[in-house]
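Here are some short exercises on how helices sit against each other. Try each task with the structure open, then walk through the solution.

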Amino acid sequence: MTTSQAPRPVPNGTHDDAANARLEQENAQLRQAVDSHARVDQALGILIAAHRMPSAVGFEVLREVSQRTNTKLHTVAEMVIGWALGQPLPESVGRELEVAVQRRSREQDAPGGEAG
């Protein structure tokens, strides 16, 4: 006697409906993650261009601002993108961004600092 590992369909297509709903939810989450990653990459590019810093340092700046302002990373990224397009940064984010950039720049310039 053999047993099948595949789930048996539930009458009236309930199994298919549940599977489709789960796949649609996963698909939406993946789309959101890709969009969020793209925004972070764009903000990173802005920091690299504006402050002539390596990408790893730019990411650390974004992460630091996110942590210090208790703001999600993708939200900080959206604010930086808006700033590049002429929108003002919220005061707390602007202040923390300036501090983080200055701190990372000093670390870069210090003997033994990361190469640019």
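**Exercise 1. Find how helix 2 and helix 3 cross: at what angle, and how far apart are their axes?**

Step 1. Fit the axes as lines to C-alpha atoms, for helices over the stretch in contact, and take the angle between N-to-C directions, from 0 to 180 degrees. The axes of helix 2 and helix 3 (residues 73-84) come within 9 Å and cross at roughly 110°.

Step 2. Name the angle. Under 35 degrees is roughly parallel, over 145 roughly antiparallel, 65 to 115 roughly perpendicular, and the rest oblique. So helix 2 is roughly perpendicular to helix 3.

Step 3. Add the hand. A crossing is left-handed if the near helix is turned anticlockwise from the far one by less than a right angle, and right-handed if clockwise. Helix 2 passes helix 3 in a right-handed crossing.

Step 4. List who touches whom, with contact meaning heavy atoms within 4.5 Å. From helix 2 come Phe59, Leu62, Arg63, Val65, Ser66 and Thr69, and they meet Leu73, Val76 and Val80 in helix 3.

Step 5. Sort them by class: Ala, Val, Leu, Ile, Met, Phe, Trp, Tyr, Cys and Pro are nonpolar, Asp, Glu, Lys and Arg are charged, and the others, Gly among them, are polar. This contact of helix 2 with helix 3 has six nonpolar, two polar and one charged residues.

A note before you go on: this is a predicted model, where local features need pLDDT of at least 70 and side-chain atom pairs count only at pLDDT 80 or more, while totals for chains, interfaces and linings use all residues. Residues are numbered from 1 along each chain as its sequence is written, and side-chain values use heavy atoms, with hydrogens and water left out.

**Exercise 2. Do the same for helix 2 and helix 4: which residues make the contact?**

Step 1. Helix 2 and helix 4 (residues 91-109) pack at an angle of about 140°, and their axes are 9 Å apart. That makes helix 2 oblique to helix 4.

Step 2. This crossing of helix 2 and helix 4 is right-handed.

Step 3. On the helix 2 side, the contact uses Val57, Glu60, Val61, Glu64, Val65, Arg68 and Thr69. On the helix 4 side you'll find Ser92, Val93, Glu96, Leu97, Ala100, Val101, Arg103, Arg104 and Gln108.

Step 4. By class, the residues of this contact divide into seven nonpolar, three polar and six charged.

**Exercise 3. Check the lengths: how many Å do the end C-alpha atoms of helix 2 lie apart?**

Step 1. Helices (H or I, at least four residues) and strands (E, at least two) are DSSP runs, numbered from the N terminus. Helix 2 covers residues 55-69.

Step 2. The expected span is 1.5 Å times one less than the number of residues. For the 15 residues of helix 2 that gives 21 Å, and the end C-alpha atoms are 21 Å apart, which agrees.

Step 3. Repeat for helix 3: with 12 residues, 16 Å is expected, and helix 3 reaches 17 Å, which is close.

**Exercise 4. Buried or exposed: where do Ser66, Arg63 and Asn70 fall?**

Step 1. Set the cut-offs: buried is under 20% relative accessible area, exposed over 50%, and partly exposed in between (1.4 Å probe, protein chains only).

Step 2. Ser66 has 11% relative accessibility, so Ser66 counts as buried. Ser66 touches Thr71, Lys72, Leu73 and Val76, not counting residues up to four places away in sequence.

Step 3. Arg63, also in helix 2, has 32% and counts as partly exposed.

Step 4. Asn70 sits in the loop between helix 2 and helix 3, and at 74% Asn70 counts as exposed.

Step 5. Now list the buried residues of each helix. Helix 2 has Val57, Gly58, Val61, Leu62, Glu64, Val65, Ser66 and Thr69, and helix 3 has Val76, Ala77, Val80, Ile81 and Gly82.

**Exercise 5. What sign does phi have at Arg52 and Asn70?**

Step 1. Recall the background: most residues other than glycine have a negative phi.

Step 2. Arg52 isn't a glycine, yet has a positive phi of about 50°. Arg52 lies in the loop between helix 1 (14-51) and helix 2.

Step 3. Asn70 isn't a glycine either, and its phi is positive, about 55°.
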